Amino acid sequence: MSELYSQPNKKMEDLPPGIRFYPTEEELVSFYLQNKLEGKRLDLILAMDRIIPVLDIYEFNPWQLPQYAGELSSRDPEQWFFFIPRQESEARGGRPKRLTSEGYWKATGSPGHVYSNNRSIGMKRTMVFYRGRAPNGRKTDWKMNEYKAVQPDSSSSSSTAAASPTLRHEFSLCRVYKKSKNMRAFDRRPVGVDEEIMRSHHQAAAPASAIIQADHHESTTSSHDLQNPPMALERSNSAAGSSSSEDHAPDINPSQTDETSSSLMSLDTQPSWDWDQLDWYYGGSS
């Protein structure tokens, strides 16, 4: 970040890969918003305007805002930052107008505090964009966090000041973002990668499954050489069971024998493997 301050002509494309503008709420209020409100250092103000430009965002629809974002977030697919100047209606003591050409921003929830060293330094309000006009607007995935700084003398620890702090309205800072359906924001895969991985996994599993089916076919073919293959298999299983637990060998029901024989015959005639079983098989053996 210091390179941007010391080298005014340096752009985001010149920085190493992986560098992103991802400030905390405390940094947004205590550094960017406070310095913007104070306006004492011209070099710092010019550098910050390149990172967080001044824009009346209510003149645009939210999907138009990324093209006006600063150098460090213009290509960010998740969030964009802006300084919002105070509207004339606010200067006259009225409420801000949050209408756009295709919708409106509506506040949701209760305002929250932004803290630094256990002291309130700002207030945060979350808003959602609705397409259409109230009260029949349609909720979208576009959201915004609006931050306003607290007057230094009103940020004391007293309960009265904490309940109703005095805010500065010359500028507010907003973070516009589109609600993501993926919780793992920093481990996202491009669209189609998961399908390609599954396809490769199935292709790798196919030759091995053919070998398993071939081995199964050989065992069933050799069993046909026996006079009564199902009974022979059953007797061998019973013998193995009796050798391990002679005192607890269960009685064999003839009906169970018939069911076992029919099930074994179906395996001999129609060997089949389900892909889910193969995936489980290889997953367990690895």
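The following paragraphs lead through the structure from its overall layout to its sheet, its cores and its charged pairs.

The model shown here is predicted. The protein has 286 residues, and 32% of them count as buried. Its accessible surface comes to about 18700 Å², and carbon and sulfur atoms account for 51% of that area. Nine helices and five strands make up the list of secondary structure elements in the protein. Along the sequence, these elements follow the pattern α-α-α-β-α-β-β-β-α-β-α-α-α-α. Among the contacts in the protein with a separation of 6 or more, 66% join residues that are 24 or more positions apart.

The sheet is a convenient place to begin. Five strands form an open sheet in the order β1-β5-β4-β3-β2, and their pairing is antiparallel. Strands β1 and β2 (103-116) stand at the edges with a single partner strand each, and therefore one side of each has no neighbour in the sheet. On average, neighbouring strands of this sheet are turned by 25 degrees against each other, if direction is ignored.

Each edge strand may now be considered with its partner. At one edge, β1 pairs with strand β5 (residues 171-178) in the antiparallel sense over seven bridges. Within this pairing, Trp 80 stands opposite Val 176 in β5. Is strand β1 largely enclosed by the rest of the structure, or largely open? Strand β1 covers residues 79-85, and six of its seven residues are buried, so it is largely enclosed by the rest of the structure. At the other edge, β2 pairs with strand β3 (residues 119-131), again in the antiparallel sense, over eleven bridges. Here Ala 107 stands opposite Met 127 in β3.

A helix also meets this sheet. Helix α2 lies across β1, β2, β3, β4 and β5, and it runs at about 60 degrees to β4.

The nonpolar side chains come next. In soluble globular proteins, nonpolar side chains tend to be buried together. In this model, the largest nonpolar core has 19 residues, and Phe 21, Leu 28, Tyr 32, Ile 52 and Leu 173 are those with the most contacts inside it. Helices α2 (25-38) and α3 (42-51) and strands β1 and β4 (138-149) each supply at least two residues of this core. The element that gives the most to this core is α2, with five residues. Another core, of 16 residues, lies apart from this one, and its members include Tyr 58, Phe 60, Met 127 and Val 176.

Charged residues provide a further set of links. Side chains of opposite charge can pair when their charged atoms come close. The structure holds twelve salt bridges. One of them joins Arg 168 to Glu 38, with the closest N and O atoms 3.2 Å apart. Arg 168 lies in the loop between α5 (159-163) and β5, whereas Glu 38 belongs to helix α2, so the pair ties together parts that are 130 residues apart in sequence. The two partners can also be described by their accessibility. Arg 168 counts as buried because its relative accessibility is 12%, under the cut-off of 20%. Glu 38, at 40% relative accessibility, counts as partly exposed.

A second salt bridge joins Arg 98 and Glu 146, at 3.5 Å from N to O. This pair links distant parts of the chain, for Arg 98 lies in the loop between α4 (88-91) and β2 while Glu 146 lies in strand β4, 48 residues apart. Both Arg 98 and Glu 146 are buried. Elsewhere, salt bridges that share partners join Arg 20, Asp 76 and Glu 78 into one network.

Arg 41 and Asp 43 form another salt bridge, in which the closest N and O atoms are 3.4 Å apart. Arg 41 counts as partly exposed at 48% relative accessibility, and Asp 43 counts as partly exposed at 49%.

The last stop is a single residue of the sheet. Lys 124 is found in strand β3, and at 23% relative accessibility it counts as partly exposed. Which residues does Lys 124 touch, not counting residues up to four places away in sequence? Lys 124 touches Glu 25, Pro 111, Gly 112, Val 114, Asn 145, Glu 146 and Tyr 147. Lys 124 and Ala 149 are 25 residues apart in sequence, and their C-alpha atoms are 9.1 Å apart in space.

Note on methods: Residues numbered from 1 in each chain as written. Predicted model: local features only at pLDDT ≥ 70, side-chain atom pairs only at ≥ 80, totals over all residues. Heavy atoms only, no water. Buried < 20%, exposed > 50% of the residue type's maximum accessible area, 1.4 Å probe, protein only. Helix = DSSP H or I, 4+ residues; strand = E, 2+ residues; numbered from the N terminus. Pairing = 2+ DSSP bridges. Core = buried A, V, L, I, M, F, W, Y, C linked by side-chain atoms within 4.5 Å. Contact = heavy atoms within 4.5 Å. Areas by Shrake-Rupley, 256 points an atom, 1.4 Å probe, with all protein chains shown as cover. Axes fitted to C-alpha atoms, helices over the stretch in contact; angles between N-to-C directions. Salt bridge = Lys/Arg side-chain N within 4 Å of Asp/Glu carboxyl O.
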